[in-house]
Amino acid sequence: MKALALATLLLFLFSTAAAQDDVAVRAAVDRLLPDAGSVRIAESPLEGIRAVTVGSRVFFVSADGGYLLGGPLIDAATGANLSETLVADARRRTLDEAEDVPVFRYPATDAKYRVTVVTDIDCPYCRRLHNDLPAYAQAGIDVSYIMLPRAGKASASYRKTVSAACASSPEVAITAAMQGGEPETATCDNPIDEHMSLARELNVTSTPSIVLEDGQLVLGHKSADALLAVLRANSASKE
């Protein structure tokens with residue numbers, strides 16, 4: 001009983017100390033990143049350092065809140081980028097928690113993998129990727145889009161994207177726009193602003209960007225064979 005009581009006391013003291021550390025860490029984050037919004041604080045591999053996830057960005061903050069570090073944290077023994085692992089996990093959580101606001105999805109008949117592509121109607125490499133969607137589907141890769149008109153809300157790209165999203169068949173209209181067509185001007189209650197906000201939360205600014213199910217990020221256009229190789233290697237690394 002004495003051993004159990006001692007263990008309980010130590011756990012309480014440790015939890016209390018960690019909670020106090022988190023208060024100091026959060027205060028430092030609020031001071032340095034006043035618009036941080038949702039913040040997640042967790043242990044890190046470094047003694048006295050907490051891992052802080054802000055959206056899909058990762059920082060390391062001393063437990064007393066005195067220092068904030070950015071940049072990758074590398075495991076010297078394995079060469080693994082621990083920061084990227086934390087960032088990928090943050091992206092995965094962001095997608096899992098995001099409201100389901102699809103505009104375009106290209107399903108695979110026998111889906112083995114699911115990816116989310118951040119794309120722009122007027123991006124040449126996005127158009128190449130779009131043309132490869134049938135090959136993706138044949139390879140068992142299910143694709144959903146996050147629309148990101150990179151030129152901003154005042155741009156022609158934004159207006160075209162909204163018009164395509166408001167068409168009677170958004171997927172047909174987006175495909176036509178990706179092929180150089182001009183969607184009929186239309187407005188409606190649409191999710192494009194939410195898509196742009198979600199891309200910011202994912203900390204994705206370039207298009208096309210492919211987010212895997214575990215949150216890993218693949219930049220640029222990949223052929224179906226190339227993406228399938230990445231997906232297989234990613235799955236094998238977790239076995």
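These legends describe close-up views of a predicted model.

**View 1. The largest nonpolar core and its best-connected members.** This core holds 41 residues. Tyr136, Ile141, Tyr145 and Ile210 touch the most other members. At least two core residues come from each of β6 (113–119), α3 (124–131), α4 (133–138), β7 (141–147), α5 (156–165), α6 (170–178), α7 (192–201) and α8 (224–237). The largest share, five residues, is supplied by β7. In soluble globular proteins, nonpolar side chains tend to be buried together.

**View 2. The surroundings of Tyr145.** Neighbours within four places in sequence are left aside here. Tyr145 is then in contact with Phe104, Val117, Thr119, Leu129, His130 and Leu133. Ile174, Met178 and His195 complete its list of contacts. A separate core lies apart from the largest one. That other core has eight residues, including Ala28, Val29, Val39 and Phe59.

**View 3. A cis peptide bond between Thr207 and Pro208.** Omega for this bond is about -10°. Pro208 sits in the loop between α7 and β8 (209–211). Most residues other than glycine have a negative phi, and most peptide bonds are trans.

**View 4. Asn203, a non-glycine residue with positive phi.** Its phi is about 60°. Asn203 belongs to the loop between α7 and β8. Is Asn203 buried, partly exposed or exposed? Asn203 counts as partly exposed because its relative accessibility is 42%, between the 20% and 50% cut-offs.

How values were computed: Residues numbered from 1 in each chain as written. Predicted model: local features only at pLDDT ≥ 70, side-chain atom pairs only at ≥ 80, totals over all residues. Heavy atoms only, no water. Core = buried A, V, L, I, M, F, W, Y, C linked by side-chain atoms within 4.5 Å. Buried < 20%, exposed > 50% of the residue type's maximum accessible area, 1.4 Å probe, protein only. Helix = DSSP H or I, 4+ residues; strand = E, 2+ residues; numbered from the N terminus. Contact = heavy atoms within 4.5 Å.
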